[in-house]
Amino acid sequence: MPAKDHPADECQPAAEDLARAFGFLGKRWNAIILGHLSHGPAGFRDLSRGIGGISDSVLSERLADLAGGGLITRTVRDGPPVTVTYQLTDRGHALIPALDLIARWAHDNLPPDNC
């Protein structure tokens, strides 16, 4: 199929948006955390156990990034014991279909990792 003839600057905003999206989502663990939260709210320990290989400090940093980006919320409930729950916002939920498509593409097109 031949490429459409259009000025290069029409493609630039889409390329910039992709660069911004992958700059944020491409940080190690961000997409995995979002995928985990797509199944429902979770506490810090649930996330830590469910996402093997992530340190507590990195998980804490990534959760702060995702909350700062408006993709998740952090809810603290007074105790005892005090509990903290993370869940997707509407913006976070809106991203899940795209992440599912990327995961499907990876399954169909990339060689499996040798675990």
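Which residue in strand 3 is the bridge partner of Arg 77? The points below take this up, together with the rest of the fold.

1. Model and outline. The structure is a predicted model. Its protein chain holds five helices and three strands. Read from the N terminus, the order of these elements is α-α-β-α-α-β-β-α.

2. Strands 2 and 3. The bridge partner of Arg 77 is Thr 83, in strand 3. Strand 2, residues 72-77, pairs with strand 3 in the antiparallel sense, and six bridges link the two. The connection from strand 2 to strand 3 is a hairpin of five residues.

3. Strands 1 and 3. Strand 3 covers residues 83-88 and also pairs with strand 1, residues 42-43. This pairing is antiparallel too, over two bridges. Within it, Gly 43 has Thr 85 of strand 3 as its bridge partner.

4. Burial and surface. The chain has 115 residues, and 23% of them count as buried. The exposed area of the protein chain is about 8200 Å², with 57% supplied by carbon and sulfur atoms.

5. Contacts along the chain. Take the contacts in the protein chain with a separation of 6 or more: 45% of them are between residues 24 or more positions apart.

6. Largest pocket. The largest pocket has about 450 Å³ of space. It is lined by 17 residues, and those closest to its centre are Ala 31, Leu 99, Ile 102, Ala 103 and Ala 106. Helix 1 (8-25), helix 2 (30-37) and helix 5 (90-109) each give at least two residues to this lining. Helix 5 has the largest share, with eight residues. By class, the lining of the largest pocket has 12 nonpolar, three polar and two charged residues.

7. Second largest pocket. Here the space is about 320 Å³. The lining consists of 14 residues, of which Ala 21, Phe 22, Phe 24, Leu 25 and Leu 95 are the closest to the centre of the pocket. Helix 1 and helix 5 each supply at least two of the lining residues. In this pocket helix 1 gives the most, with seven residues. The lining of the second largest pocket divides into 10 nonpolar, one polar and three charged residues.

8. Helices at the pockets. Which helix gives the most residues to the lining of the second largest pocket? That is helix 1, whereas helix 5 holds the largest share of the lining of the largest pocket. Helix 1 also supplies at least two residues to the largest pocket, and helix 5 supplies at least two to the second largest.

How values were computed
Residues numbered from 1 in each chain as written. Predicted model: local features only at pLDDT ≥ 70, side-chain atom pairs only at ≥ 80, totals over all residues. Heavy atoms only, no water. Helix = DSSP H or I, 4+ residues; strand = E, 2+ residues; numbered from the N terminus. Buried < 20%, exposed > 50% of the residue type's maximum accessible area, 1.4 Å probe, protein only. Contact = heavy atoms within 4.5 Å. Areas by Shrake-Rupley, 256 points an atom, 1.4 Å probe, with all protein chains shown as cover. 1 Å grid on protein atoms, 1.4 Å probe; cavity = no way out; pocket = protein on both sides within 12 Å on 5 of 7 lines; lining within 4 Å. Points joined across faces, edges and corners; volume = space filled by probe spheres on them. Nonpolar A, V, L, I, M, F, W, Y, C, P; charged D, E, K, R; others polar. Pairing = 2+ DSSP bridges.
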